[in-house]
Every structure is written in structure tokens, then in C-alpha cells.
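Here are a few notes to help you find your way around this protein. Have the view open as you read, and take the points in order.

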Amino acid sequence: MPLDPSFIGRVYPPTTTYEVGREKITEFADAIGDENPLYRDPGAARAAGYPDVIAPPTFLTIINLAAINSIVADPDLGLDYDRMVHGDQRFEHTRPVHAGDKLALTTTIEEIMARAGNDFINLRADIADEDGEPVCTTRAQLVVRGEAQ
């Protein structure tokens, strides 16, 4: 079943906030094998001009993935999760994420298209801090493989 193109432009407002913790930043840095002291040492981060440890640039995958999953789980969209692969992911940071940030994410379906028997859905997530100031915009492309003939 093809993806429903009427979903283009649909906006999913924040349903919760995510509070960034030092321990989560450390866990993420450990998972990607990055020993950068700015991700682990509050003193080093402050000496570099940050209010606390900062997160690696791809850390926001943690909250972005939850938003993507809520969209793809919508049965009206028509996305077959078993046939889905992640095609692309980009991050455009306004500023680094740091421990203590309280972040909210608004997701928009920017485009749905079909090519070569596959469906593509492009999602944008605008991530803001508790004051509503932009922190990062992420873009993801999901590909739903067509059925083999």
C-alpha cells in the first residue's frame, strides 16, 4: 500500500520535553567511542565556554527516533515498518546541546514520493529549548521498499 500523500505538511507538536543529563551524554559518547573531554568533564566544558558538558552532534538521534517512531506507527499513513529502512539523516545545529537542556521537538512531514517502486518520506524535526529558542533542525529520509515482483 503506498504512503498517503495527504500527510505532506502534517505537523506533530511536542508531546513532552527531554531533559539532557550528563549521564546520558556520557553513555552516548561511550556508545560511539568518543573520548572528547567536552562530553565528559564539566570543568573542561566550562573552560571552553559552555555552561556544562556538551553532547556529541548526533546525540539528538535519541529524541528524534522517538518522534519518527510515533509517525511511522500511524496506521493511516500506510507505512509498512517491516519494509522500512533509514535512508538519510542530517543535523543542522544552531548551538551545541548541553547537560541541563530541556528540549521539545516538533516534527513535520515535508515530502512523500514514490520512485522505482519504493516510497520515500522526508521528515523535519525542529528542536527547541525551554525558552523556545532553536537548538537544532534534523532531517530524516525513510525508504519503504517496494514488494519484489
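Which residue in strand 6 is the bridge partner of Arg124? That partner is Arg139. Please keep in mind throughout that this is a predicted model.

1. **The overall layout.** Let us begin with the whole chain. The protein is built from three helices and six strands. Following the sequence, you will meet them in the pattern β-β-α-α-α-β-β-β-β. The C-alpha trace spans about 60 × 30 × 20 Å along its principal axes.

2. **Contacts and burial.** Among contacts with a separation of 6 or more, 68% are between residues 24 or more positions apart. Of the 149 residues, 40% count as buried.

3. **Surface and charge.** The protein exposes about 8,100 Å², and carbon and sulfur atoms supply 51% of that area. There are 13 positive and 25 negative charges, and the mean positions of the two sets are 2 Å apart.

4. **Strand 6 and its surroundings.** Strand 6 covers residues 134-144, and it is largely enclosed by the rest of the structure because nine of its eleven residues are buried. To count as buried, a residue must have under 20% relative accessible area. As general background, side chains in a regular strand alternate between the two faces of the sheet.

5. **Two partners for strand 6.** Strand 3 runs antiparallel to strand 6, and nine bridges join them. Within strand 6, Val144 is the residue that stands opposite Met84. Strand 5, residues 118-128, also pairs with strand 6 in the antiparallel sense, here over ten bridges. The pair from the opening question, Arg124 and Arg139, is a good place to start looking at strand 6.

6. **The hairpin turn.** Strand 5 and strand 6 form a hairpin, with five residues between them. While you are in that turn, have a look at Gly132, which has a positive phi of about 85°.

7. **A loop residue to visit.** Is Asp101 buried or exposed? Asp101 sits in the loop between strand 3 (84-93) and strand 4 (102-115). With a relative accessible area of 4%, Asp101 is buried, because buried means under 20%. A polar atom of the Asp101 side chain lies 2.9 Å from the backbone nitrogen of His98. Leaving aside residues up to four places away in sequence, Asp101 touches Tyr18, Glu19, Val20, Arg95 and Pro96.

Conventions: Residues numbered from 1 in each chain as written. Predicted model: local features only at pLDDT ≥ 70, side-chain atom pairs only at ≥ 80, totals over all residues. Heavy atoms only, no water. Helix = DSSP H or I, 4+ residues; strand = E, 2+ residues; numbered from the N terminus. Buried < 20%, exposed > 50% of the residue type's maximum accessible area, 1.4 Å probe, protein only. Contact = heavy atoms within 4.5 Å. Areas by Shrake-Rupley, 256 points an atom, 1.4 Å probe, with all protein chains shown as cover. Lys, Arg positive; Asp, Glu negative; His and termini not counted. Charge placed at Lys NZ, Arg CZ, Asp CG, Glu CD. Polar contact = N/O pair within 3.5 Å; in protein donor to acceptor, adjacent residues only side chain to side chain. Pairing = 2+ DSSP bridges.
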